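The exercises below concern cores, salt bridges and disulfides, and each task is followed by a solution in steps. Please work through them with the model open beside you.

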Amino acid sequence: MAATVGHQPTTLTCNFELKPFCTRRACHQSSRSRRARRCPESSDFAFETGTRVFDCEDSDPISSHSVSMHLELRLDSEKDIHLSFCSKTVTLNDKSLTGGPWPAGQYCFYQVGETCPDGFENGWILWQDERDRNRNEAKGVLPRGVYDNKTLMYFCCRTDGDPDVPVELPRGRNFAFLKYGDRCQQVEGTQVRTEYILWDNDQRDPGEQTHDGTIPRVGITRLRDVKLEFCYYTKISYCGNPVCMIIRKLREQTL
């Protein structure tokens with residue numbers, strides 16, 4: 001049976017290495033250690049988690065991800081992808097979340113609910129996972145989509161700004177967007193790097209990989225696989241003394 005999920009438009013779904021701290025305007029990675037495999041606790045809103053297991057192509061699989069990877073993702077011995085999500089679905093106290101509307105720019109995130117926030121265009125990607133002995137799984141709360149032996153995921157993308165013009169967003173903690181164009185949206189007070197996930201799809205009928213609307217980069221590759229690029233942001237710590245600057249440079253190299 002297909003697993004179809006969706007939530008109210010005011011929610012936000014993301015996937016991060018340590019499950020994100022999500023507000024109305026941005027998702028921030030928790031500063032907890034790698035052992036803290038759960039969403040952060042808050043008196044203002046509640047979180048729910050979910051995991052999607054993508055059973056990728058079995059024959060000479062090429063599923064992969066960037067060397068630098070800050071999402072909570074696991075590539076198992078069969079080259080299947082395990083990707084986790086954290087969603088804010090219940091608001092208990094909205095007073096701390098009045099951050100204002102999303103700024104104009106070029107960036108995307110996963111869609112939740114039937115519509116995207118104002119200023120965003122929606123789109124979707126459909127791909128066929130491995131047919132033989134398919135081991136796809138869908139657990140918990142996931143972005144809007146259909147999750148059976150195929151995967152259908154919806155996205156919200158903003159395309160009305162210049163990615164080279166920095167936008168202002170909360171940056172108390174690290175966060176990520178799905179990349180829209182060929183450059184990451186610049187965000188004030190942060191440095192950014194690109195990461196990616198490549199899903200190797202079942203190749204017996206490449207025409208089954210399709211999309212519509214406005215979607216993140218790259219979407220569907222020439223080989224009819226799915227590749228998504230992420231812009232991962234870290235706060236810039238300003239300092240003037242040489243020792244501090246050297247430490248910061250070393251941290252940038254290990255992100």
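**Exercise 1.** Are Asp-129 and Arg-52 buried or exposed?

Before the solution, two remarks on the material: the model is predicted, so that local features need pLDDT of at least 70 and side-chain atom pairs count only at pLDDT 80 or more, while totals for chains, interfaces and linings use all residues. Residues are numbered from 1 along each chain as its sequence is written, and side-chain values use heavy atoms, with hydrogens and water left out.

*Solution.* Begin with the cut-offs: buried means under 20% relative accessible area, exposed means over 50%, and partly exposed lies in between, with a 1.4 Å probe and protein chains only. By this scale, both Asp-129 and Arg-52 are buried. Next, look at their contact: the two residues form a salt bridge (a side-chain nitrogen of Lys or Arg within 4 Å of a carboxyl oxygen of Asp or Glu), and their closest N and O atoms are 3.7 Å apart. Finally, place the pair in the chain, where strands are DSSP runs of E of at least two residues, numbered from the N terminus. Asp-129 sits in the loop between β10 and β11 (137-140), whereas Arg-52 belongs to strand β5 (residues 45-54), and the two are 77 residues apart.

**Exercise 2.** Find the salt-bridge partners of Glu-114 and Glu-229, and describe the burial of each pair.

*Solution.* Take Glu-114 to begin with: its salt bridge is with Arg-144, the closest N and O atoms being 3.4 Å apart. This pair joins the loop between β9 and β10 to the loop between β11 and β12 (145-147), 30 residues apart. Glu-114 counts as exposed because its relative accessibility is 58%, while Arg-144, at 15%, counts as buried. Then turn to Glu-229, which forms a salt bridge with Lys-179 at 3.3 Å between the closest N and O atoms. Here strand β18 is linked to the loop between β14 (175-178) and β15, across 50 residues, and both Glu-229 and Lys-179 are buried. As a last step, note that Asp-55, Asp-80 and Arg-135 are linked in a network of salt bridges, and that a search of the whole structure finds 11 salt bridges.

**Exercise 3.** Which parts of the chain does each disulfide tie together?

*Solution.* The structure holds 3 disulfides, a disulfide being a pair of cysteine sulfur atoms within 2.5 Å. Cys-108 and Cys-157 have their sulfur atoms 2.1 Å apart, and the link is right-handed, with 110° about the S-S bond. Since Cys-108 lies in strand β9 and Cys-157 in strand β13, the pair ties together parts 49 residues apart in sequence. Cys-116 is joined to Cys-156 by a left-handed link with -90° about the S-S bond; this disulfide ties the loop between β9 and β10 to strand β13, 40 residues apart. Cys-184 and Cys-231 also form a left-handed link, with -90° about the S-S bond, and it ties the loop between β14 and β15 to strand β18, 47 residues apart.

**Exercise 4.** How many residues has the largest nonpolar core?

*Solution.* A nonpolar core is a set of buried Ala, Val, Leu, Ile, Met, Phe, Trp, Tyr and Cys residues joined through side-chain atoms within 4.5 Å. The largest has 25 residues, and Leu-83, Ile-197 and Trp-199 have the most contacts inside it. Strands that each supply at least two residues of this core include β8 (81-91), β13 (150-158) and β15 (190-199). Apart from it lies another core of 14 residues, among them Val-167 and Phe-175.

Technical notes. Helix = DSSP H or I, 4+ residues; strand = E, 2+ residues; numbered from the N terminus.
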